[in-house]
Amino acid sequence: MSSSEKNKSPENLPQEVLCPSCGKFVGAYERCPYCQADLDNRFPLKIARRVAVIGSILGLILLYFASVNKRVETISVASIEANHNMALVKLKGKVADVKTNDQKNSINITLDDGTGRIKLSGFDKLDKFKRYFADATKSDGKGLPGAGDILEVKGNLNITDKWGAGIFLTSPKRVLILKRSQIEKRNIASFSDEDLNNVFLVQARVKGYKELGALKSIVLVSNDSEISLTIFKKEFENIKDAKVRKALLTPNSELLVKVLLSEYQSKLQLRLSAPEKKDSIKVLSMGKKISNHKKIALKDITQNKIGNISIVTATVKGVKKLNGLRIIKISDLGKTMDLVVYDDIFDSIPNEKMRKALTKMDSRITVTVKISEYKGALQLALVKLTPVLIGSGATSADAGEIVPLTEVSPSRAGETLTISGRIKAISHTTKGSSLTIESQGKIASVWLGKRVSEPVKKIPGLLVKGAVVKVTGKVTLFQGRSQIQPSQAKDIILWRK
Amino acid sequence: MSFSLLLGFTLAGTGVGFLFSLFPSLHIYNVAGIALLIWQAFQSYIPADGVAPFFMSMIVAFAFINTIPMTFFGAPDESATVTILPGSKYLMNGRGYEAAAICGIGSLCGVFLLPLMTPFFFKIFPVIHRVVSPHMAWILLLVMIYMLMSEWPKGCGMGDTVWKRFKHAWGNLFAGILAFVLSGILGLIITSKSMISVEMGFQNIMPVFIGLFAVPSIVQNLISKEKIPDQHISDTVELTWRQIGQSTFQGGIGGMLAAYLPAVTAGIGSILAGHATALRGDVLFLMSGGVAKVLYYVGAFLFLFIVTPLSPGGLGKGGLNVILKPIFSPEPGDYTIMLGVILLSGCLSFLLLLKASKLTLKLLKKVDYHTLYWFAMFLVMVIVGGLTGSAGIFVMVVSSCIGSIPVFFHARRSNCMAVLLVPICLNMAGYGGVVTSFLGLN
């Protein structure tokens with residue numbers, strides 16, 4: 001192509017390659033070689049690339065140093081709002097609770113900064129926390145933060161509608177223990193609201209305990225003051241020493257306990273501080289069971305025993321609920337007495353099973369009672385925080401104790417008794433066998449149902465007139481008359497005194 | 001909640017989502033953050049029950065309408081960095097409207113796919129989650145390795161020296177790796193010790209994402225002298241039933257991966273699904289991209305409502321979950337309501353997409369798109385500056401430089417997702433604290 005042809009401007013060439021001043025073809029020149037006009041040029045990508053690479057590296061370095069040197073803002077729990085989610089914040093407060101889970105390798109700390117509480121969660125971080133806080137070169141070396149310690153924590157807020165605000169602990173370095181709790185030895189009577197969320201050393205005696213669902217409420221008493229020590233099932237299981245666990249549930253045990261004073265429903269209560277640590281509970285003396293009080297039969301209770309605390313075994317025969325108390329009729333060996341159980345004492349019975357046994361008809365119970373009188377009549381009062389031992393429904397004679405034939409009476413209906421005597425008369429019917437037993441001039445009836453009489457008949461010398469037998473069975477009524485009814489063949493045996 | 005109130009919030013959310021999705025480079029999560037602040041200010045007047053339908057319909061509308069800036073303005077978000085190329089090709093061939101329609105049909109298929117997958121979501125998905133979640137760290141690590149390695153090899157380069165040929169062949173790959181590494185470091189800094197103020201903590205990551213994805217696109221388009229050719233608005237699209245089936249299948253896999261795996265976007269999910277299914281073609285890319293976008297944005301939020309004994313708190317993830325979790329928790333029974341909201345909003349959004357595409361093309365004939373991009377740049381600066389202050393602007397600028405690397409070196413923009421992938425993977429593996437301690441960020 002000739003130069004004149006090149007310098008022509010064909011209509012089909014794009015505008016960018018033509019000089020805007022003289023219209024001649026200039027290609028990629030930045031200045032027209034013909035008229036020296038400056039030409040619009042396209043932005044070179046090379047510049048963009050260099051700016052991108054250098055800018056990003058330099059910018060990242062600047063950003064890194066800015067972040068490292070950034071001061072994290074301290075906020076209060078009460079000021080946390082929804083738009084603070086994911087923000088990096090600093091919080092200062094007192095540890096209200098520490099929960100660790102070795103299986104899940106997690107640690108949860110509840111921090112109270114005076115304006116509210118927030119949960120600090122370290123999932124799969126417990127071992128790192130333990131190592132860090134045990135290392136004296138990195139921290140004070142006294143172990144994990146405990147209740148009452150003052151902490152400063154840095155972390156990203158995690159706010160959810162369901163669980164509220166919390167912080168995920170990503171590193172133990174973000175938890176700074178400003179002050180370890182000084183554990184002061186205090187008397188129960190001296191506790192007040194100002195002492196809330198502080199850890200104390202308390203020496204007290206176990207008065208008793210009761211189980212409430214997933215926790216045990218142990219009543220500690222010291223110098224006539226008492227307070228509840230609440231231990232959750234998991235915390236109780238974390239107590240490694242079996243002796244300590246036993247002492248906590250044994251009345252009269254003397255303990256020296258590290259506790260956190262808290263409150264529940266406006267009532268002061270104690271919680272164990274770090275139950276998994278050996279030194280948090282010391283058993284000064286093991287208590288004795290209250291059941292070491294003397295046992296006494298109902299029939300032996302007399303006026304001169306008023307004021308005594310004794311253990312009685314009897315059968316529940318009736319329950320009457322009155323305002324503020326229950327009157328339970330108990331019976332043993334023909335003697336019936338009233339057992340008064342006030343509502344607060346009923347509530348103090350250690351568990352639901354025991355409470356049910358106390359009010360269930362015909363249940364056999366062993367209880368600790370105080371002998372008293374009311375309007376001239378002897379009565380028994382259940383002692384607070386004592387267990388209700390549950391029998392099998394057998395009588396005190398269920399160990400084989402033989403009772404006089406006169407005991408076979410309508411008042412003993414439903415009870416299992418053991419009698420012995422000579423067979424005076426036998427009559428067989430299609431439905432079973434009826435025996436008349438005689439002993440010391442008294443007689444009693446025994447009925448053997450077909451299922452029992454058939455195998456018994458096969459025992460030589462047993463079902464014959466004159467044989468001396470021992471029979472154990474339930475007292476039933478037939479046509480208004482009481483009789484003993486054994487339930488199995490082995491309940492009737494030949495008896496030699 | 002009464003039907004009229006539910007309908008009202010759904011329509012309102014669709015409307016808001018429609019309006020704001022038209023802006024190039026403006027992400028719906030930014031809008032959601034602003035909406036949350038407005039809701040907090042007026043929460044005594046707005047019923048709490050309206051939160052879920054409003055935001056769900058907003059995100060559904062975004063999943064559809066976002067196609068318009070993506071296709072016509074070349075402004076992809078983090079979910080669409082793979083599909084932008086076929087869309088641009090269609091646009092330059094005068095078939096931009098068809099590209100938007102195909103993408104919209106894909107999104108519509110995604111909307112209908114979600115209710116059909118309900119039995120899977122409630123019966124099988126929670127079990128999968130139980131099994132997979134303890135292994136998430138190494139799964140994400142594999143995703144990252146795959147993202148990087150799937151770009152290799154690229155073939156031989158051109159040039160008259162060995163160095164020039166090497167540079168030509170491998171330059172963009174190393175640029176991609178550089179973008180990945182720098183994004184990862186940026187992510188570690190931002191997630192462990194953010195510069196953003198406490199009051200805007202929930203928008204910690206906003207300047208980063210705007211910088212990594214929005215600003216480079218704006219800059220790129222401002223530099224570009226490309227003229228959009230005349231577009232033809234057709235009544236039909238080049239699509240067969242077989243392609244619909246294949247796209248739904250591919251997009252479904254990609255979208256589900258993106259909806260479930262943390263920090264994995266629809267773009268990354270589409271790469272994985274595309275390689276897994278070995279299906280190729282521009283139509284497939286466009287349509288499966290639409291399916292994946294709906295599953296990614298809408299599905300991730302819908303998973304929050306899968307309340308089962310194995311998943312009592314739902315299985316949701318994603319930016320909208322993070323923004324809303326302080327004020328909202330799902331109840332059993334909400335899932336069905338959300339399905340209704342998705343269906344209604346999705347169908348409306350599809351119709352709006354077609355209409356809006358036509359209007360946009362008419363507008364583009366009269367208005368230079370550079371003007372729109374200058375406005376978009378101004379808008380993002382105002383949003384970032386207004387919400388997060390100078391610290392946010394600084395972070396945005398740094399992120400923009402990093403995000404510009406794949407743009408100008410022709411590498412994969414999805415490599416910038418290392419900003420979340422790396423910190424999340426490290427934290428899940430239990431090494432996040434170690435790394436940040438090493439960097440002095442503790």
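Visitor: How do the residues lining the largest cavity divide into nonpolar, polar and charged?

Guide: In this predicted model, the cavity in question has a volume of about 60 Å³, and eleven residues line it. Glycine is counted with the polar residues here, a convention that bears on B:Gly289, one of the lining residues closest to the centre of the cavity. With that convention, the lining divides into three nonpolar, eight polar and no charged residues.

Visitor: Which element gives the largest share of the lining of the largest cavity?

Guide: The elements of chain B that give two or more residues to this lining are helix H11 (241–260), helix H12 (266–277) and helix H13 (282–302). Among the residues closest to the centre of the cavity are B:Gln250, B:Ser270, B:Phe285 and B:Ser288. The largest share, four residues, comes from H13(B).

Visitor: How many cavities of 30 Å³ or more does the structure hold?

Guide: Rolling a probe the size of a water molecule over the atoms shows where empty space is left. The largest cavity found has a volume of about 60 Å³. Counting those of 30 Å³ or more, the structure holds three.

Visitor: What percentage of the residues in chain B is buried?

Guide: The secondary structure of chain B comes to 18 helices and zero strands, and among its contacts between residues at least 6 apart in sequence, 84% join residues at least 24 apart. The chain exposes about 17,300 Å², of which carbon and sulfur atoms supply 71%. Taking buried to mean under 20% relative accessible area, the buried part of the 442 residues in chain B is 60%.

Conventions
Residues are numbered from 1 along each chain as its sequence is written. Chains are lettered from A and ligands numbered from 1 in the order in which they are written. This is a predicted model: local features need pLDDT of at least 70, side-chain atom pairs count only at pLDDT 80 or more; totals for chains, interfaces and linings use all residues. Side-chain values use heavy atoms; hydrogens and water are left out. Buried means under 20% relative accessible area, exposed over 50%, partly exposed in between (1.4 Å probe, protein chains only). Contact means heavy atoms within 4.5 Å. Accessible areas come from the Shrake-Rupley method with a 1.4 Å probe; for residues, only the protein chains shown count as cover. On a 1 Å grid over the protein atoms alone, a cavity is a set of points where a 1.4 Å probe fits but cannot get out, and a pocket is an open set with protein on both sides within 12 Å along at least five of seven lines; lining residues have an atom within 4 Å of a point. Grid points are joined across faces, edges and corners, and a volume is the space filled by probe spheres set on the points.
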